[in-house]
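Let's take a walk through a protein model together. Have the structure open and turn it as you read.

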Amino acid sequence: MVGTIYPSEKRTFTDPKSGAKITQLTSQGINYHFYFTENSFDEDGKTLYFLSNRGHEETEICNLFKMDIDSGEMVQLTEDPLGVEVGKVTKTPDGEYVAYITGVQLRLYNTKTGENKLLYEDPEKMLLQNLSFSSDKKWLGFNRNEDVDALPDGGPNYAGFKEKMFATKDGRVSVIRLDGTGFHDVFRDTCWLSHFQFSPDDPDIAMFCHEGPWNYVQQRIWMIHMKTGEVWPCFRQEEDDCVGHEFWTQNGDVIFDNRRGGHDGTISNTKSQVYAAETPYFGFAHKDGKVYHKIDMPFYCNHYFANKDLTMFVGDGVEDILLIQPQENGETRMKVLANHNTTWHYQRSHCHPTFSWDGRWLLYAADTDRWNDNLFLVEVPERI
């Protein structure tokens with residue numbers, strides 16, 4: 001029920017591999033944070049927004065909650081019969097607005113006033129996902145894709161991934177003003193579009209991707225001008241490139257992961273991956289799509305993310321959360337920060353490690369028993 005307050009479930013323990021102090025934030029039911037490109041932390045680092053099925057423990061229906069990080073106290077913010085799924089919620093960095101999708105409805109929640117209003121209901125009943133606010137907080141952008149005969153995003157890990165890519169022939173980038181006016185499609189394509197993200201420092205620029213197994217997608221990352229609809233590729237792929245998990249840095253550049261050598265970008269619930277002979281790397285690109293820097297990665301992770309000043313990266317390996325620190329001599333130092341031991345069975349059980357805005361804390365999720373996803377917080381050392 002909206003407004004229900006839940007007491008703290010916090011506990012601390014010492015990680016068996018790294019010796020780091022880990023704070024487990026939740027312990028009841030299903031809990032997971034926003035997708036790593038849509039930071040769950042408020043900018044002040046005091047509040048965390050997350051999804052949970054508490055109150056509906058007998059189902060997988062999750063709603064929106066917020067947590068006071070210091071006290072651990074949690075408050076329920078929404079109560080929607082269809083709930084909210086992975087990849088269908090975002091917030092402004094300052095936490096004033098949270099937007100989410102439930103069914104075919106797009107809703108906007110004002111955390112200051114408590115107002116929860118319907119912004120858009122899709123008459124075509126397309127699949128809505130990948131919400132993102134423009135930096136001036138005037139627009140909300142998202143992807144719309146036709147509903148094809150493939151397993152839903154909430155199903156087993158990557159089930160139907162390739163089939164959905166081939167079946168989808170109508171994908172769109174759409175926007176609407178926060179006052180509920182001005183809805184329109186900015187761009188339309190004949191494939192599955194995903195990972196829409198507004199630039200953090202330019203309300204006219206965004207990026208999206210052609211989704212699917214990385215070794216099948218010919219050009220993954222696209223930049224888009226949201227007023228004109230003009231699109232251009234970010235990092236022009238060649239035959240051997242397998243690219244994904246692109247995200248904006250806080251200074252308005254783009255980082256992506258290139259695993260090369262036929263890697264499909266997945267990790268299975270048998271905890272296995274495709275390992276290529278070639279060295280994977282991070283690519284750094286400006287808004288014009290041109291790559292200006294590369295860093296070789298000594299290890300495959302499922303997702304990577306960077307801190308504010310790009311001095312530290314984090315990755316979720318098969319069993320561990322790994323800190324990665326590039327060195328001035330061109331080498332890369334790596335250290336186990338935590339043993340997550342998640343099952344990888346669902347998208348919600350992907351760790352998706354995320355730095356707080358100031359880079360001091362790291363948040364990740366894990367579900368060691370295939371059901372009880374929980375949230376974990378660990379302090380990030382200055383050096384490794």
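## The second largest pocket

Let's start with the second largest pocket, whose lining has eight charged residues, five nonpolar ones and four polar ones. Keep in mind that this is a predicted model. The volume of this second largest pocket comes to about 320 Å³. In total 17 residues line the second largest pocket, and those closest to its centre are Ile69, Asp70, Arg360, Trp361 and Leu377. Two elements, β3 (21-24) and β30, give two or more residues to that lining.

## The largest pocket

Now hop over to the largest pocket, with a volume of about 570 Å³. Its lining is made of 29 residues, and if you want to find the centre, look for Thr37, Pro93, Phe198, Pro200 and Trp357, which are the closest to it. The elements giving two or more residues to this lining are β8 (89-91), β12 (127-133), β16 (193-198), β20 (243-248) and β24.

What classes of residue make up the lining of the largest pocket? Here you'll find 13 polar, twelve nonpolar and four charged residues.

## The nonpolar cores

Time to look at the nonpolar cores. The largest one has 35 residues, and Phe282, Phe313, Ile321, Leu323, Phe355, Leu362 and Tyr364 are those with the most contacts inside it. At least two core residues come from each of β22 (281-285), β24 (304-306), β25 (313-316), β26 (320-326), β27 (332-339), β29 (361-366) and β30 (374-379). The top giver is β26, with four residues.

Try clicking on Phe355: leaving out residues up to four places away in sequence, its contacts include Asn39, Phe41, Phe305, Met312, Leu323, Trp361 and Val380. Apart from the largest core lies another, of 15 residues, including Ile30, Val75, Leu77 and Tyr100.

## Rings in pairs

The structure holds 22 aromatic pairs. One of them joins Tyr120 and Phe142 in a tilted arrangement, 6.0 Å centre to centre with 45° between the planes. Tyr120 sits in strand β11 (residues 116-121) and Phe142 in strand β13 (residues 139-145), so this pair ties together parts that are 22 residues apart in sequence. Are these two residues, Tyr120 and Phe142, buried or exposed? Both Tyr120 and Phe142 are buried.

Phe282 and Phe313 make another tilted pair, at 4.7 Å centre to centre and 35° between the planes. Phe282 is in strand β22 and Phe313 in strand β25, so to speak a link between distant parts of the chain, 31 residues apart. Phe282 and Phe313 are both buried. These two also belong to a cluster linked by ring pairs, together with Phe284, Tyr292 and Tyr304.

Technical notes: Residues are numbered from 1 along each chain as its sequence is written. This is a predicted model: local features need pLDDT of at least 70, side-chain atom pairs count only at pLDDT 80 or more; totals for chains, interfaces and linings use all residues. Side-chain values use heavy atoms; hydrogens and water are left out. A nonpolar core is a set of buried Ala, Val, Leu, Ile, Met, Phe, Trp, Tyr and Cys residues joined through side-chain atoms within 4.5 Å. Buried means under 20% relative accessible area, exposed over 50%, partly exposed in between (1.4 Å probe, protein chains only). Contact means heavy atoms within 4.5 Å. On a 1 Å grid over the protein atoms alone, a cavity is a set of points where a 1.4 Å probe fits but cannot get out, and a pocket is an open set with protein on both sides within 12 Å along at least five of seven lines; lining residues have an atom within 4 Å of a point. Grid points are joined across faces, edges and corners, and a volume is the space filled by probe spheres set on the points. Ala, Val, Leu, Ile, Met, Phe, Trp, Tyr, Cys and Pro count as nonpolar, Asp, Glu, Lys and Arg as charged, and the others, Gly among them, as polar. Rings of Phe, Tyr and Trp (its six-membered ring) pair if their centres lie within 6.5 Å; planes under 30 degrees apart count as stacked, over 60 as edge-to-face and the rest as tilted.
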